[in-house]
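Me: I'd like to learn how to read a protein model, one feature at a time. Could you walk me through it?

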Amino acid sequence: MSKFNIKPKNYKAFTTRNIDTIPQFEALPSEIHDAIQIVSRVMPFRANNYVIDELIDWSNPEGDPIFKLIFPQKGMMGVEDYDALAAKFAAGEPEAALQAAARDIQLKMNPHPAGQMELNVPKCDHGQSINGIQHKYKETVLFFPTQGQVCHAYCTYCFRWAQFVGVDDLKFACGDPQALVDYLEAHPEVTNVLFTGGDPMIMTSRILRRYVEPILEKRPGNVRSIRFGTKVLAYWPYRFLTDKDADDLMGLFDEIVAAGFHLAVMSHFSHPRELETDAVQAAISRILSTGANIRCQAPLIRHINDDPEVWRIMWEKQVALGAIPYYMFVERDTGPKEYFSVPLVEAYRIFTEAYSRVSGLARTVRGPSMSATPGKVLVDGIAEVGGEKVMALKFIQARNPDWVNKLFFAEYDEKAVWLDGLKPAFGEGRFFFERQG
């Protein structure tokens, strides 16, 4: 860390309540101000002084990918919904009326895609859902610690936006570490736990320890790996450097590794710019010094990173810093998906062009991958079979383990953006996994 000479930085959050105190924001045209104020009633907005001061190019904010990544845009809402909410806003209707109108729009935006609420949440012996735990794939359990269901800043594309809009019925959260340990002991097929959110790295190390230490001490079931899903490296790297409990957090990482667990920081980087500052590079170096590894993933997002050269630069930079390119995801079918979605055929082209420009060291990455209801579906190729142009698809993870690594084919479709927009090839009425349930 010393070679970077990182100075401490005090965190300051910006939300809709104090957005007008951002000096650079004040210089934007009034129509952009209004659009952000309106759309942020529906899609959550949160930024901080590091993102504002060091990641956004304020000389051209409307063309800047990080600006679009953080600040809600007018195009993220349907025209009819936007106009209706804008009219209420302009008429000075009370806050309760604006919130009610926003809630109606949110509920139409598929807040929990891919069966997260209906299919992923396990039940206890009495049939009651265990809120705050998801168990979709047999080896992996996701845990949502109550104190980690916020982020240092919000991505406008986030598929977990429903965690942040203040509706308890849409939120995953569990504040009981023992519930996690009990579940792991009862499910010996689980080999790894993913702490997610929100962002578990927003918790103090003292609170994080309450969730992690029981796993280290009791070694429930067959758990061998602990993962933290986080955007903190991109949005607040000082968490690992100069925050008041950064040393204790790194001490916890040391303890996890020393206890014989594999520790993986699942870091979300959406654009190469997030990897350019001294602070993020120092934070990566410090995490790696504990024996943890960093695996990098992000969705392919129109307006932000839908360019193979962006991905090439990002993957090569990650490798140079010692991190591992892991996934290129397809933007999920939730929230403002019409604004962000890239057709699957185009996603495959972007991935392939970027993949072909990097060495084997960066070809650890997989994609484009859809985290769909039946599992993670890879767009594996485009081919002609028996005179028919088809899309080759493959499960790289699945609810049914027998489907993993199994190829299947869809009709070639240049417009489809998600699995449910594809039709089976060769005259089949349904895909094999639909027939098998």
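Reply: Happily; we will go from the whole fold to single residues and their salt bridges. This is a predicted model, so a word on its rules: local features need pLDDT of at least 70, side-chain atom pairs count only at pLDDT 80 or more, and totals for chains, interfaces and linings use all residues. Residues are numbered from 1 along each chain as its sequence is written, and side-chain values use heavy atoms, with hydrogens and water left out.

Me: How many helices and strands are there in the protein?

Reply: Helices (H or I, at least four residues) and strands (E, at least two) are DSSP runs, numbered from the N terminus. Here the protein has 15 helices and 13 strands. Its radius of gyration, taken over C-alpha atoms, is 22 Å. The globule rule (2.2 Å times the number of residues to the power 0.38) gives 22 Å for 437 residues, so the protein is as compact as a globular protein of that length. The C-alpha trace spans about 60 × 55 × 50 Å along its principal axes.

Me: What share of the residues is buried?

Reply: Buried means under 20% relative accessible area, exposed over 50%, and partly exposed in between (1.4 Å probe, protein chains only). In this protein, 57% of the 437 residues are buried.

Me: And how do I read contacts?

Reply: A contact means heavy atoms within 4.5 Å. Among contacts between residues at least 6 apart in sequence, 72% join residues at least 24 apart. For a single case, take Thr277, in the loop between β7 (262–268) and α11 (278–288). Thr277 is buried, at 9% relative accessible area. Leaving aside neighbours within four places in sequence, Thr277 is in contact with Tyr50, Glu54 and Leu55.

Me: Which side chain does Glu54 meet in a salt bridge?

Reply: A salt bridge is a side-chain nitrogen of Lys or Arg within 4 Å of a carboxyl oxygen of Asp or Glu. The partner of Glu54 is Lys9, at 3.5 Å, N to O. This pair links distant parts of the chain, 45 residues apart: Lys9 is in the segment before β1 (13–14), and Glu54 is in helix α3 (residues 49–55). Both ends are partly exposed, with relative accessible areas of 23% for Lys9 and 31% for Glu54.

Me: Where do Glu213 and Arg209 lie?

Reply: Both are in helix α8 (residues 205–218), four residues apart, which is about one turn of the helix. Their side chains meet in a salt bridge at 2.7 Å, N to O. Glu213 is partly exposed at 25%, whereas Arg209 counts as buried at 12%. Arg209 also meets Asp248 in a salt bridge, at 3.2 Å, N to O. Asp248 lies in helix α10 (residues 246–258) and Arg209 in helix α8, so this pair ties together parts that are 39 residues apart in sequence. Asp248 is partly exposed, with a relative accessible area of 32%.

Me: How many salt bridges does a search of the whole structure find?

Reply: The search finds 20. Some belong to a network that links Glu309, Arg312, Glu316, Glu346, Arg349, Glu353 and Arg357.
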